[in-house]
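User: I am new to this structure and would like a close look at a single part of it. Please take one helix, go through it step by step, and then place it among its surroundings.

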Amino acid sequence: MSRSDEGSTNIETLDRQVAEHAARHRHHPIVRVLGWVSEVADQPQLAAVCGFTALIGVVRGNRRLAATGALMLAAHGLATLTKGAIKRRINRTRPRVAMEEGRYEMGPGKS
């Protein structure tokens, strides 16, 4: 096994361990509330928050707030592009599927 294969195996093992640990707590009330709150960070919602921040800055004539909203929107766009690039390079089973169906796959991206 080459050094890079060994690294991939370690990352994959860690990924599985984290998913299994998190899955044991998925029904806890705090985790459920945090999951609901985290929906704000989904792409459309977060883009709306960023855009609204910039808009409020423009409407109020607050250049600093408008610039902050624009930077937030730019950072969100960059993060979304980066995530997309990573997801195209790596396919892996979603943690929920791994726990519910008992299967886990990780490999080069094909989508």
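Analyst: The part chosen here is helix H4, and its buried residues are Ala66, Gly69, His76 and Gly84. The model is a predicted one, and every value below was computed from it.

H4 runs over residues 63-89, which makes 27 residues. From its first C-alpha to its last it reaches 39 Å, close to the 39 Å expected at 1.5 Å a residue. The N-terminal end of the helix is capped by Asn62. A side-chain oxygen of Asn62 lies 3.2 Å from the backbone nitrogen of Arg64.

Next come the buried residues and what lies over them. The cover on the buried residues of H4 includes helix H3, residues 43-60. His76, a residue of H4, shows what being buried means in numbers. Its relative accessibility is 13%, so His76 counts as buried, because the cut-off for that class is under 20%. With neighbours within four places in sequence left aside, His76 is in contact with Gln43, Leu46, Ala47 and Cys50. An α-helix has 3.6 residues a turn, so residues three or four places apart point the same way.

The contact can also be followed from the other side. Thr53 lies in helix H3 and has a relative accessibility of 17%, so Thr53 counts as buried too. Not counting residues up to four places away in sequence, Thr53 touches Leu65, Gly69 and Met72. Gly69 is one of the buried residues of H4.

Lys83 gives a contrasting case within helix H4. Its relative accessible area is 36%, so Lys83 is partly exposed, a class that lies between 20% and 50%. Lys83 and Ala19 are 64 residues apart in sequence and 19 Å apart in space, C-alpha to C-alpha. Ala74 can be placed in a similar way, against His28. These two residues are 46 apart in sequence, and 35 Å separates their C-alpha atoms in space. His28 sits in the loop between helix H1 (3-24) and H2, and at 41% relative accessibility it counts as partly exposed.

The stretch of chain ahead of H3 completes the surroundings. Helix H2 covers residues 29-38, and Val37 lies in it. At 43% relative accessibility, Val37 counts as partly exposed. Together with Val33 and Trp36, Val37 forms a nonpolar patch on the surface. The accessible area of Val33, Trp36 and Val37 together is about 350 Å².

After that comes Val40, in the loop between H2 and H3. Val40 is partly exposed, with a relative accessible area of 47%. Leaving out residues up to four places away in sequence, Val40 touches Gln45 and Leu46. Leu46 is also among the residues in contact with His76, which brings the account back to H4.

Note on methods
Residues are numbered from 1 along each chain as its sequence is written. This is a predicted model: local features need pLDDT of at least 70, side-chain atom pairs count only at pLDDT 80 or more; totals for chains, interfaces and linings use all residues. Side-chain values use heavy atoms; hydrogens and water are left out. Helices (H or I, at least four residues) and strands (E, at least two) are DSSP runs, numbered from the N terminus. The expected span of a helix is 1.5 Å times one less than its number of residues. Buried means under 20% relative accessible area, exposed over 50%, partly exposed in between (1.4 Å probe, protein chains only). Contact means heavy atoms within 4.5 Å. A polar contact is a pair of N or O atoms within 3.5 Å; within protein, one must be able to donate a hydrogen and the other to accept it, and residues adjacent in sequence count only if both atoms are side-chain atoms. Patches are made of residues with over 30% relative accessible area and no salt bridge: like charges are joined within 9 Å, nonpolar side chains (Val, Leu, Ile, Met, Phe, Trp, Tyr) within 5 Å. Accessible areas come from the Shrake-Rupley method with a 1.4 Å probe; for residues, only the protein chains shown count as cover. A salt bridge is a side-chain nitrogen of Lys or Arg within 4 Å of a carboxyl oxygen of Asp or Glu.
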